[in-house]
Amino acid sequence: MIFECGPQGADRKVCARLAKLLDSKLRIVVRAAGNKPKLVRDCGDLASQLFDRGCERAIIVWDLYPSWTSENPCRKHDRETIFASLNKAGVDQSKVALVCIEEELEAWLLSDERAIAQTLSKPHRPVRISRRRNVEQIRNPKSALREVFRQQGGIDYNDYYHAEQIAREIPDLQRLRRVETFRRFALKVADVTL
């Protein structure tokens, strides 16, 4: 898998955990591009490295709306740039799948209020979180999750730490199966139709 985050970034940690929930036998090799501009530019070389290591396929995962940009993102433009990078590196595109998360990874996390509640709960203070529907329509999901953490836990959400914690608390894929981009992820990573 190729991600736009750093080597220990939230996307990498969460997606690796969810991939294992989909198929515990998967062997996952990760390449981290650092950020979205580097991912779309360098993914061909990164995919080539994965195939050189013996990987059967490469899955490129990125957020459509990363929080650090003010430009209007375009999935079509991202795909075109990614395919150009793959072509330049001589990568067989039939072995590559693209998964663009609408808007950010935190939309997936917001889909399972049980996992968020478990992450924020203390033995003396259980937390209840309202269930959210249509999480992919939430504008700036990271800010929405930060607000939940402030209101329900009295702490700031830190994606490097808390995203993985939430993912570990996801009991099953029942909530995530309602998220279109996660269903695509499941299909591309583990050939699982949800």
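Is glutamate 164 buried, partly exposed or exposed? Glutamate 164 is partly exposed, its relative accessible area being 27%. The model is predicted, and this briefing covers its salt bridges, a charged surface patch and some points of backbone geometry. In the structure as a whole, a search finds 12 salt bridges.

**Salt bridges around helix H7**

- The side chain of glutamate 164 meets that of arginine 168 in a salt bridge, with an N to O distance of 3.9 Å.
- This pair is counted because a salt bridge requires a side-chain nitrogen of Lys or Arg within 4 Å of a carboxyl oxygen of Asp or Glu.
- About one helical turn separates arginine 168 from glutamate 164, because the two are four residues apart in helix H7.
- Arginine 168 is partly exposed, at 47% relative accessibility.
- Glutamate 164 and Arg168 also belong to a network of salt bridges that links them with Lys13.

**Salt bridges involving helix H3**

- Lysine 76 and glutamate 80 form a salt bridge through their side chains, at 2.6 Å from N to O.
- Both residues belong to helix H3, where lysine 76 and glutamate 80 are four residues apart, or about one turn of the helix.
- Lysine 76 is exposed, with a relative accessible area of 56%, whereas glutamate 80 is partly exposed at 43%.
- Arginine 75 forms a salt bridge with glutamate 102, and the closest N and O atoms of this pair are 2.3 Å apart.
- Arginine 75 lies in helix H3 (residues 75–88) and glutamate 102 in the loop between strand S4 (96–101) and helix H4 (105–110), so their salt bridge ties together parts that are 27 residues apart in sequence.
- Both partners are partly exposed: the relative accessibility is 33% for arginine 75 and 22% for glutamate 102.
- Glutamate 102 is classed as partly exposed rather than buried because buried means under 20% relative accessible area.

**Positive patch on the surface**

- Four arginines, Arg131, Arg133, Arg177 and Arg178, gather on the surface in a patch of positive charge.
- Arginine 177 is located in the loop between helix H7 (159–169) and helix H8 (180–190).
- The relative accessible area of arginine 177 is 32%, and the residue is partly exposed.
- Arginine 177 can be a patch member at this value because patches are made of residues with over 30% relative accessible area and no salt bridge.

**Backbone geometry**

- Most residues other than glycine have a negative phi, and most peptide bonds are trans.
- The peptide bond from glutamate 102 to glutamate 103 is cis, with omega near -20 degrees.
- Glutamate 103 lies in the loop between S4 and H4, and glutamate 102, the partner of arginine 75 in a salt bridge, is found in this loop as well.
- Asparagine 134 has a positive phi, near 50 degrees, although the residue is not glycine.
- The loop between helix H5 (113–120) and helix H6 (141–153) contains asparagine 134, which is exposed with a relative accessible area of 54%.
- Aspartate 191 likewise has a positive phi in a residue other than glycine, near 55 degrees.
- Aspartate 191 belongs to the segment after H8 and is exposed, at 62% relative accessibility.

Technical notes. Residues numbered from 1 in each chain as written. Predicted model: local features only at pLDDT ≥ 70, side-chain atom pairs only at ≥ 80, totals over all residues. Heavy atoms only, no water. Patch = residues over 30% accessible without salt bridge, like charges linked within 9 Å, V, L, I, M, F, W, Y side chains within 5 Å. Areas by Shrake-Rupley, 256 points an atom, 1.4 Å probe, with all protein chains shown as cover. Lys, Arg positive; Asp, Glu negative; His and termini not counted. Charge placed at Lys NZ, Arg CZ, Asp CG, Glu CD. Buried < 20%, exposed > 50% of the residue type's maximum accessible area, 1.4 Å probe, protein only.
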